[in-house]
Amino acid sequence: MLPKGAVPTDRPCSIPYIDNRTVEVMFRILGPVGMDDDTTAAAFSPKQKAILAVLLVSGQRTVPVKQLVTELWEDNPPESAVANLRTYLSGLRGALTENRIVTRQSGYLLRRSGDELDAERFSVQCRTGRTALVERDFDRAVEQLDNALGLWRGRALDDVPMGPTLRMHSISLEEQRLAATEDLLRANLGLGDTTTVVAGARHIIAWEPTRESAWYLLMLGLRDAGNPAGALKAFRDLRTLLASQLGIEPCARLADLHTRILQRA
């Protein structure tokens with residue numbers, strides 16, 4: 001089934017977020033940046049959170065000082081940028097245990113294992129869910145994808161000032177969330193839960209109106225629910241929308257589905 005607790009945000013490119021479940025991870029970026037110890041994370045300044053986020057998304061790669069300065073101030077760093085950066089890092093080091101932040105000649109590295117970051121656990125569970133979907137094990141696919149989406153607590157990297165690296169990762173993570181949500185709807189379709197599929201597809205379309213993969217799921221859900229007229233209307237609505245906003249026709253996959261529904265109507 002579709003994850004519960006969806007609420008709207010003020011960012012039209014984001015889908016609603018999902019109630020958080022109790023998952024033991026050390027670091028979180030799928031929503032506000034921080035750690036499981038929220039009181040510790042609350043003590044970080046926005047720039048400290050941005051540094052932590054850059055170190056987290058960089059995996060086991062050393063992040064150069066120059067890159068961190070760019071992330072914090074982009075094209076307008078103060079003369080004291082490097083000194084300020086060291087001060088921010090000193091505060092982070094004091095909050096993190098086990099000598100997490102390592103100083104290298106060229107920059108800084110945050111030591112962690114893969115399962116300590118919610119985004120990496122999300123990716124693993126999504127892959128497992130998609131494998132189950134391909135194998136038509138729909139119950140397992142729903143379980144894994146629902147658990148993966150349950151790691152989200154808001155928009156990715158929601159409360160940090162974003163430089164180039166974090167903007168890129170935020171966009172990528174949001175796209176991964178949309179794809180996982182669509183996979184979850186496909187699994188629900190395999191279980192015959194057309195009500196969830198139609199509602200979920202409409203929810204995605206409300207936030208990303210020209211997303212053709214969501215319209216495809218909407219049409220499938222309506223068709224399988226015994227409402228071919230609704231599916232055909234959805235195609236007409238999409239065609240009108242794409243023509244007015246992008247000057248294009250629906251993709252061949254959607255056109256083919258439209259033809260197949262027409263032939264059976």
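Is Glu-74 buried, exposed or partly exposed? In this predicted model, Glu-74 has a relative accessible area of 32% and is therefore partly exposed, since that class lies between the buried limit of under 20% and the exposed limit of over 50%. The report returns to this residue below, after the overall architecture, the sheet, the pocket and a set of buried positions.

## Overall architecture

The protein chain contains eleven helices and five strands. Of its 265 residues, 48% count as buried. Among the contacts between residues at least 6 apart in sequence, 63% join residues at least 24 apart.

## The three-stranded sheet

Three of the strands make up an open sheet, in the order E3-E5-E4, with antiparallel pairing. Strands E3 and E4 are the edge strands, as each of them pairs on one side only. In general, the strands of a sheet pair through backbone hydrogen bonds, and the pairing can be parallel or antiparallel.

On one side of the sheet, strand E3 (residues 63-64) is joined by two bridges to strand E5 (residues 107-110), and the two run antiparallel. Within this pair, Val-63 has Tyr-108 of E5 as its bridge partner. Strand E4 (residues 101-103) pairs with E5 over three bridges, also in the antiparallel sense. Here Thr-103 has Tyr-108 of E5 as its bridge partner. Tyr-108 is thus a bridge partner of both Val-63 and Thr-103. The connection from E4 to E5 is a hairpin of three residues.

A helix also packs on this sheet. Helix H2 lies across E3, E4 and E5, and runs at about 75° to E5.

## The largest pocket

Rolling a probe the size of a water molecule over the atoms shows where empty space is left. The largest pocket of this model holds about 190 Å³ of space. It is lined by 13 residues, of which Val-57, Ala-119, Glu-120, His-169 and Leu-173 are the closest to its centre.

Which helices each supply at least two residues of the lining? They are helix H2 (46-57), helix H5 (118-134) and helix H7 (164-190). The largest share, four residues, comes from H7. By class, the lining consists of six nonpolar, five polar and two charged residues. Helix H2 therefore has two roles in this description: it lies across the strands of the sheet, and it contributes to the pocket lining.

## Buried positions in the helices

Three helical residues illustrate the buried part of the chain. Two of them, Ser-170 and Cys-126, belong to helices that also supply residues to the pocket lining.

Ser-170 is located in helix H7. Its relative accessible area is 3%, which means that it is buried, the limit being under 20%. Apart from neighbours within four places in sequence, Ser-170 is in contact with Arg-155, Ala-156, Leu-157 and Met-162.

Cys-126 is located in helix H5. Its relative accessibility is 2%, so it counts as buried. When residues up to four places away in sequence are not counted, Cys-126 touches Leu-145, Ala-148 and Ala-180. Cys-126 and Ala-180 are 54 residues apart along the chain, yet their C-alpha atoms are separated by 6.5 Å.

Ile-261 is located in helix H11 (residues 252-264). With a relative accessibility of 2%, Ile-261 also counts as buried. Leaving aside neighbours within four places in sequence, its contacts are Met-219, Arg-223, Pro-228, Ala-231 and Leu-232. Of these, Pro-228 is 33 residues away in sequence and 6.5 Å away in space, C-alpha to C-alpha.

## Loop residues with positive phi

Most residues other than glycine have a negative phi. Two non-glycine residues with a positive phi are described here. Glu-74, the residue of the opening question, has a phi near 50° and is found in the loop between helix H3 (65-73) and helix H4 (81-95). Arg-136 has a phi near 65° and is found in the loop between H5 and helix H6 (138-149). At 62% relative accessibility, Arg-136 counts as exposed, because the limit for that class is over 50%.

The table sets out the accessibility of the residues discussed.

| Residue | Relative accessibility | Class |
|---|---|---|
| Ile-261 | 2% | buried |
| Cys-126 | 2% | buried |
| Ser-170 | 3% | buried |
| Glu-74 | 32% | partly exposed |
| Arg-136 | 62% | exposed |

Key
Residues are numbered from 1 along each chain as its sequence is written. This is a predicted model: local features need pLDDT of at least 70, side-chain atom pairs count only at pLDDT 80 or more; totals for chains, interfaces and linings use all residues. Side-chain values use heavy atoms; hydrogens and water are left out. Two strands pair if DSSP finds at least two bridges between them. On a 1 Å grid over the protein atoms alone, a cavity is a set of points where a 1.4 Å probe fits but cannot get out, and a pocket is an open set with protein on both sides within 12 Å along at least five of seven lines; lining residues have an atom within 4 Å of a point. Grid points are joined across faces, edges and corners, and a volume is the space filled by probe spheres set on the points. Ala, Val, Leu, Ile, Met, Phe, Trp, Tyr, Cys and Pro count as nonpolar, Asp, Glu, Lys and Arg as charged, and the others, Gly among them, as polar. Contact means heavy atoms within 4.5 Å. Axes are lines fitted to C-alpha atoms, for helices over the stretch in contact, and angles run from 0 to 180 degrees between N-to-C directions. Buried means under 20% relative accessible area, exposed over 50%, partly exposed in between (1.4 Å probe, protein chains only).
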